[in-house]
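Work through the exercises below with the sequence and the model at hand. Each task is followed by a solution in steps.

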Amino acid sequence: MRPPTQGKGLIKAVYQRVVDSSTAIVVTAAPLIAAAAVAVSRSWLHDLRPVHLFLWCFLPAAAAIVYLKLRPRAVYLVDYAGFRTPHTCRIPFASFLEHAKQHPALNERSVRFMTRLLERSGLGEDTCLPPAHHYVGTHEYCTLDAARAEFELVAFSAIDDLLAKTGVAPEAIGILIVNCSLFCPVPSLVDMIVNRYKLRGDVRSMQLSGMGCSAGLIAVGLARNLLQVAPHGAHALVVSTETITPNYYLGTERAMLLPNCLFRIGGAAALLSTSPAKARFRLKHVVRTLTGAQDNSYRCVYQEEDAEGHRGINLNKDLMSIAGDSLKANITAIAPLVLPAREQLMFALSFVARKVLNRRVKPYIPDFRTAFEHFCIHAGGRAVIDELQKSLNLSDEQVEASRMTLHRFGNTSSSSLWYELAYMEAKGRMRKGDRVWMIGFGSGFKCNSAAWECIEPAHNADGPWATSIHKYPVDIPDVLKH
């Protein structure tokens, strides 16, 4: 056996010989190529006319200018801020159930159902509800003024934190988008923000309503598109929340009692720009898939009145199956954009095989862990997180942010993704260059996702997790006894 030092010497000698050979080829070929180029140019210059010379120089330059003008601008996340729920809004299970017992329309059977649901929900004892829900006889205090007060508390607090973090003045905001599904007053929510912060008169403002828990990513996609036609360096403010106050269900239908138990107060504000200055993330992709053409998908999350005329949100028993189908459609759309070549090839072969063999081949689920380091799965409920962890073959650590967000804040609708991102940063797990996949589900039925790349991680845990990050992660039992 050759000694290790001799082996290394042999490898070095072979490598040097290859390098020397390559150098010799380049040195020999370069003069020949140059001579050929000179000969060709002489023959061309002999027959070249001025118009040819003009076109030869002008057309490539014009094509380059057109390409630079038409290509999409990069969009960056300057920063984001989540609403810091005050301790005074905390609603332990005992308080929640005690208030429910005082409601005249709820019978003992309904209260037992809500108790079992809360024990298995994955929510903790520190989630929060708006002030109106802390009064006994909750339905009597869920007024229009109380709903406006909740929105102002959540949205203005998040925006104040965001502007303080970024140092951006309100007059620098050229685009404003607010998404809130079930509260749509007059004047609108965007008008409330414009009035509070005295935004300029030409701000492009719009409100998205009725689009469910995935509307936050729809708002991000809309902001990206509007920034393409705005002056370079413009700022877009996106506010995502769900106002709980006016949506307290007063009936006894079990499918409509679920939102009362799961949804909690929360919201987030994000500032996007086409300028990379001070940016913390780069937006790589936004992919939207809608399955609303199918009746069962369209009605699986449906606002309606029960037999007694009480309005609420009906969550269909087929919701998880429909969400799984919607996720598959979204995976099919985003996979070619983010996956490495090997995973794309395996996914494509599986897709073709299923088409040819009439679905007798088990579908190949790509390994998205090769494309992303972090996953933000909408914290819609324990079943949602379980299903996505299984479908995407994720580890417990990769869904930790979603589970802990559900435990600490509950289902905060579209803003839950920002709480999850804040959890990862508060834990110090984000690194420069890390890729993040946000996945949201919403009524319609929609599955939307966004891919981000980290430019500058947060330097501290300041944010919605500032007072509680030291307690997490926690063990969440299958059934919580209280």
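**Exercise 1. The sheet**

In what order do the nine strands of the open sheet lie, and what is the pairing?

Solution. The model is a predicted one, in which local features need pLDDT of at least 70 and side-chain atom pairs count only at pLDDT 80 or more, while totals for chains, interfaces and linings use all residues. Residues are numbered from 1 along each chain as its sequence is written, and side-chain values use heavy atoms, with hydrogens and water left out.

Step 1. Strands (E, at least two residues) and helices (H or I, at least four) are DSSP runs numbered from the N terminus. Two strands pair if DSSP finds at least two bridges between them.

Step 2. The order is β3-β2-β4-β5-β1-β6-β11-β10-β9, and the pairing is mixed.

Step 3. β3 (204-208) and β9 (374-377) pair on one side only, which makes them the edge strands.

Step 4. On average, neighbouring strands of this sheet are turned by 25° against each other, direction ignored. Angles run from 0 to 180 degrees between N-to-C directions, and axes are lines fitted to C-alpha atoms, for helices over the stretch in contact.

**Exercise 2. Two strand pairs**

Describe how β2 pairs with β4, and how β9 pairs with β10.

Solution. Step 1. Six bridges link β2 (residues 173-179) and β4 (residues 235-241) in the parallel sense. I173 stands opposite H235 of β4.

Step 2. β9 and β10 also run parallel, joined by four bridges. Here C376 faces M438 in β10.

Step 3. In a regular strand the side chains alternate between the two faces of the sheet. In β9, H374 and C376 point one way, F375 and I377 the other, and all are buried (under 20% relative accessible area; exposed is over 50%, partly exposed in between; 1.4 Å probe, protein chains only).

**Exercise 3. Helices on the sheet and on each other**

Which strands does α10 touch, and at what angle do α12 and α13 pack?

Solution. Step 1. α10 packs on the sheet against β6 (281-290), β10 (435-442) and β11 (446-454), and its direction makes about 135° with that of β6. Contact means heavy atoms within 4.5 Å.

Step 2. Helix α6 (residues 189-197) lies across β2, β3 and β4 and runs at about 140° to β2.

Step 3. α12 (residues 382-392) and α13 (residues 400-409) pack at an angle of about 175°, their axes 10 Å apart. They are therefore roughly antiparallel (angles over 145 degrees; under 35 is roughly parallel, 65 to 115 roughly perpendicular, the rest oblique). R382, I385, D386 and Q389 of α12 meet S402, R403 and L406 of α13.

**Exercise 4. Cores and two glutamates**

Which residues touch the most other members of the largest nonpolar core, and is E425 buried or exposed?

Solution. Step 1. A nonpolar core is a set of buried Ala, Val, Leu, Ile, Met, Phe, Trp, Tyr and Cys residues joined through side-chain atoms within 4.5 Å. The largest has 54 residues, and M114, F368, W437 and F441 touch the most other members. Helix α10 (residues 319-338) gives the most to this core, eight residues.

Step 2. A second, separate core of 50 residues includes L77, L208, L283 and I476.

Step 3. E425, in helix α14 (residues 416-426), is buried at a relative accessible area of 6%. Beyond four places in sequence, its contacts include Y80, R280 and F281.

Step 4. E304, in strand β7 (residues 301-305), is partly exposed at 23% relative accessibility. The C-alpha atoms of E304 and M256 are separated by 9.2 Å, with the two residues 48 apart along the chain.
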